[in-house]
Amino acid sequence: METGNKLSTSIDATVPTAARMYDHYLGGKDNYAADRAACEELDKVVPSTRRLAVNNRRFLQRVVKTLAAEHGIRQFLDHGSGLPTQDNVHQVAQRIDPETHVVYVDNDPMVLVHGRALLEQDERTAVIHADMRETDVIFSHPETQRLIDFDQPVAVLFNSVMHCIPDSETDGPQAVVRRVAERLVPGSFLVMCQLVSEDPEVREFVTNFMDQATQGHWGRVRQEKDVAEWFEDLDVLDPGLVEVSTWRPDTEVAPRQLTHEWIEFGGVGRLR
């Protein structure tokens with residue numbers, strides 16, 4: 001069962017969003033004073049967040065390149081894609097094969113506006129406005145149906161977004177993963193990571209801070225064991241579930257997460 005989640009189509013510059021805060025950390029310009037102020041407050045307790053955001057973006061790029069080049073994936077469904085930045089999923093994948101199809105999903109209206117403007121001339125890529133918990137809506141959307149053949153392997157991405165989903169038996173991360181996996185053929189992939197901390201004080205502060213800052217559009221910071229549960233029925237690619245800057249780094253001198261008050265933790269699983 002999926003609950004209906006009414007989406008706003010207006011942009012409120014006074015309320016921070018995770019997408020715009022992430023954009024600010026990546027050096028983007030599609031954010032407002034409220035987003036930057038929220039980042040400044042967050043940095044007082046978890047000062048490694050900018051490095052964490054950059055490393056997470058690089059993880060996403062490495063994963064997409066790996067799945068396209070080594071596993072022949074030509075379809076990507078990116079949940080909670082965020083605002084367009086450099087080397088987006090379609091750009092990385094289409095360098096391997098220009099015919100690759102990509103569907104981006106986000107509930108932030110600003111993402112929809114900027115994404116559609118970026119992709120206006122690209123018939124192999126689309127952005128849809130949907131809540132990532134509404135699997136039926138996403139999978140039946142006309143753009144998804146146009147671009148994704150679910151009789152063939154698909155890479156479904158939940159990159160640094162599960163912490164935006166509250167716990168729920170019907171709508172929590174585990175339920176979303178299960179619903180998505182049921183719709184995919186063997187050989188498909190699920191890419192999943194989220195913010196975790198083994199420090200209970202960090203988990204409590206960040207969860208409460210982000211919930212208040214985004215006016216309830218937040219789930220919680222979890223632990224590594226919580227993320228591991230999502231991969232229980234999948235074959236996890238080497239090097240397993242890890243802090244993402246250590247997932248198949250391009251070089252030995254690649255930037256790594258230097259402090260661990262919280263980290264992005266996850267990996268890549270293949271459906272049997």
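Buried residues are those under 20% relative accessible area, exposed ones are over 50%, and partly exposed ones lie in between, with a 1.4 Å probe and protein chains only. The model shown is predicted, so that local features need pLDDT of at least 70 and side-chain atom pairs count only at pLDDT 80 or more, whereas totals for chains, interfaces and linings use all residues. Residues are numbered from 1 along each chain as its sequence is written, and side-chain values use heavy atoms, with hydrogens and water left out.

**View 1. Residues with positive phi at S160 and R248.** S160, in the loop between strand 4 and helix 8, has a phi near 55 degrees, a positive value in a residue other than glycine; this residue is buried, with a relative accessible area of 13%. R248, in the loop between strand 7 and strand 8, is likewise not a glycine and has a positive phi of about 45 degrees, but R248 counts as partly exposed at 29% relative accessibility. Helices (H or I, at least four residues) and strands (E, at least two) are DSSP runs, numbered from the N terminus.

**View 2. The cis peptide bond between D238 and P239.** The bond that joins D238 and P239 is cis, with omega about 10 degrees, and P239 is found in the loop between strand 6 and strand 7 (242–243). Most residues other than glycine have a negative phi, and most peptide bonds are trans.

**View 3. Helix 1 and its packing against helix 2.** Six of the eight residues of helix 1 (residues 18–25) are buried, so this helix is largely enclosed by the rest of the structure; the buried residues are A19, R20, M21, D23, H24 and Y25. Their cover includes helix 2, helix 3, helix 5 and helix 9, where contact means heavy atoms within 4.5 Å. The axes of helix 1 and helix 2, which are 9 Å apart, make an angle of about 75 degrees, and the two helices are therefore roughly perpendicular. Axes are lines fitted to C-alpha atoms, for helices over the stretch in contact, and angles run from 0 to 180 degrees between N-to-C directions; those under 35 degrees count as roughly parallel, over 145 as roughly antiparallel, 65 to 115 as roughly perpendicular and the rest as oblique. R20, M21, H24 and Y25 of helix 1 meet D35, R36, A38, C39, L42 and D43 of helix 2.

**View 4. Helix 2 against helix 9.** The axes of helix 2 (residues 33–45) and helix 9 (residues 200–213) come within 11 Å and cross at roughly 170 degrees, which means that helix 2 is roughly antiparallel to helix 9. In this contact A38, E41, L42 and V45 of helix 2 meet F205, V206, F209 and M210 of helix 9.

**View 5. The largest nonpolar core and the surroundings of M192.** A nonpolar core is a set of buried Ala, Val, Leu, Ile, Met, Phe, Trp, Tyr and Cys residues joined through side-chain atoms within 4.5 Å. The largest has 32 residues, of which L77, V156, F158, V180, L184, L190 and M192 touch the most other members. Leaving aside neighbours within four places in sequence, M192 is in contact with F158, M162, V177, W230, F231, L234, F265, G266 and G267. A second, separate core of 26 residues includes V102, Y104, A155 and C193.
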